[in-house]
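Work through the exercises below with the structure open. Try each task before reading its solution.

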Amino acid sequence: MDTNDSLRVASLWHSMHAISQQLSPTVGCLGIELLEADTFDLHCFQSLTGTKFFVVCEPGTQHMEGLLKVIYELYTDYVLKNPFYEMEMPIRCELFDINLSQAIQKDRVALLGR
Amino acid sequence: MQFFGGSDISPSPPAPTASGNNAHMMYVFNRNGVCFLYREWNRPLHTLNAQQDHKLMFGLLFSLKSLTAKMDPTSMDKGNLGVPQLPGQGCSFHSFRTNTYKLSFMETPSGIKIILITHPKTGDLRESLKYIYNLYVEYVVKNPIYTPGAPIRCELFNTSLDQYVRSIS
């Protein structure tokens, strides 16, 4: 997927998230958390400010909510607290990238150990 | 005693009761996007009128399907986002979950879409949807006075559907 495609997918997801709240049978719906497709699972975490984080994983993978919270923490620590980062701009922070890949690696090891 | 226990921001709906009042509603669409069956068992919140609600649901499923077809990490040649796809073509999805409900989705080769909305804690319902499709074939398609495409008004289908849905836990 190129940049345009990811922008299109992101905007599509944004509206699907909003529509799923409208169709809820009960009050207090906060949008899609998990989408189970034939070949992958998509976990979505929305922060209180509306930033959405996705993890795409193998079908049936557990404990992805925890990973998403860790990634959110990394985002607040290494991106939002970075004085050179401008809001709403693409993230180009080396420390964030390093820590992100470490977190993913750690999760993979934990998954193998489980 | 815990005073500030609830760190959960979202109030989760009450757990399903033993009597199986678990399903909220069900939609069946044909391949043209016409809703020819809508059943409602437990739906306290109505945000839209029925027709708009059906349209929105069909649009949601259509878009989610094109999204999953585009995001599929296992195939290389994927078309453009939003191009209509035949039933069975491209990567589809079978359910999604929010904090208040779970939507299970099945599309048959003839393009009929069966959608069941249940409590978020419900397990995998793919087999149940197949069973409901069987009920549809047995009681609706094989009904000699039923004209294809018309809204379903078959008493036997409705009663057996109600009975089956109540048994899903």
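The exercises cover a chain interface and then a run of paired strands, all in a predicted model.

**Exercise 1. Size the interface**

Task: Find how many residues of chain A and chain B are in contact, and how much area the two chains bury.

Solution:
- Start with the contacts. On one side are 32 residues of chain A; on the other, 38 residues of chain B.
- Turn to area. The two chains bury about 3300 Å² between them. Carbon and sulfur atoms account for 69% of it.
- Find the leading residues of chain A. Leu23(A), Pro25(A) and Glu36(A) lose the most area to chain B. Together they make up 21% of what that side buries.

**Exercise 2. Dissect the polar links and the side of chain A**

Task: Count the salt bridges and polar contacts across the interface. Then state which elements of chain A give two or more residues to the side that touches chain B.

Solution:
- Count the charged links. The rule finds two salt bridges between chain A and chain B.
- Locate one of them. Asp5(A) pairs with Lys70(B), and their closest N and O atoms are 3.3 Å apart. The cut-off is 4 Å, so this pair qualifies.
- Widen the search. There are 13 residue pairs in polar contact across the interface, both residues at pLDDT 80 or more.
- Assign the elements. Helix 1 (3–22) and strand 1 (32–37) of chain A each give two or more residues to this side. Helix 1 of chain A provides the largest share, nine residues.
- Sort by type. This side of chain A holds 19 nonpolar, seven polar and six charged residues.

**Exercise 3. Trace the strands across the chains**

Task: Start at strand 1 of chain A and follow the pairing into chain B.

Solution:
- Cross the interface. Strand 1 of chain A runs antiparallel to strand 3 (residues 93–98) of chain B, joined by five bridges. Leu35(A) stands opposite Phe96(B).
- Move on within chain B. Three bridges link strand 3 to strand 4, again antiparallel. Here Phe96(B) stands opposite Leu103(B). A hairpin of three residues joins the two strands.
- Take the next step. Strand 4 of chain B pairs with strand 5 (residues 113–118) of chain B over six bridges, in the antiparallel sense. Glu107(B) has Lys113(B) as its bridge partner.
- Inspect the turn. Five residues lie between strand 4 and strand 5 of chain B, and Gly111(B) there has a positive phi of about 90°.

**Exercise 4. Explain an enclosed strand**

Task: Why is strand 4 (residues 102–107) of chain B described as largely enclosed?

Solution:
- Check burial residue by residue. Five of the six residues of strand 4 of chain B are buried.
- Conclude. Strand 4 of chain B is therefore largely enclosed by the rest of the structure.

Definitions and conventions. Residues are numbered from 1 along each chain as its sequence is written. Chains are lettered from A and ligands numbered from 1 in the order in which they are written. This is a predicted model: local features need pLDDT of at least 70, side-chain atom pairs count only at pLDDT 80 or more; totals for chains, interfaces and linings use all residues. Side-chain values use heavy atoms; hydrogens and water are left out. Contact means heavy atoms within 4.5 Å. Buried area is the accessible area (1.4 Å probe) that two parts lose on being put together, summed over both. A salt bridge is a side-chain nitrogen of Lys or Arg within 4 Å of a carboxyl oxygen of Asp or Glu. A polar contact is a pair of N or O atoms within 3.5 Å; within protein, one must be able to donate a hydrogen and the other to accept it, and residues adjacent in sequence count only if both atoms are side-chain atoms. Helices (H or I, at least four residues) and strands (E, at least two) are DSSP runs, numbered from the N terminus. Ala, Val, Leu, Ile, Met, Phe, Trp, Tyr, Cys and Pro count as nonpolar, Asp, Glu, Lys and Arg as charged, and the others, Gly among them, as polar. Two strands pair if DSSP finds at least two bridges between them. Buried means under 20% relative accessible area, exposed over 50%, partly exposed in between (1.4 Å probe, protein chains only).
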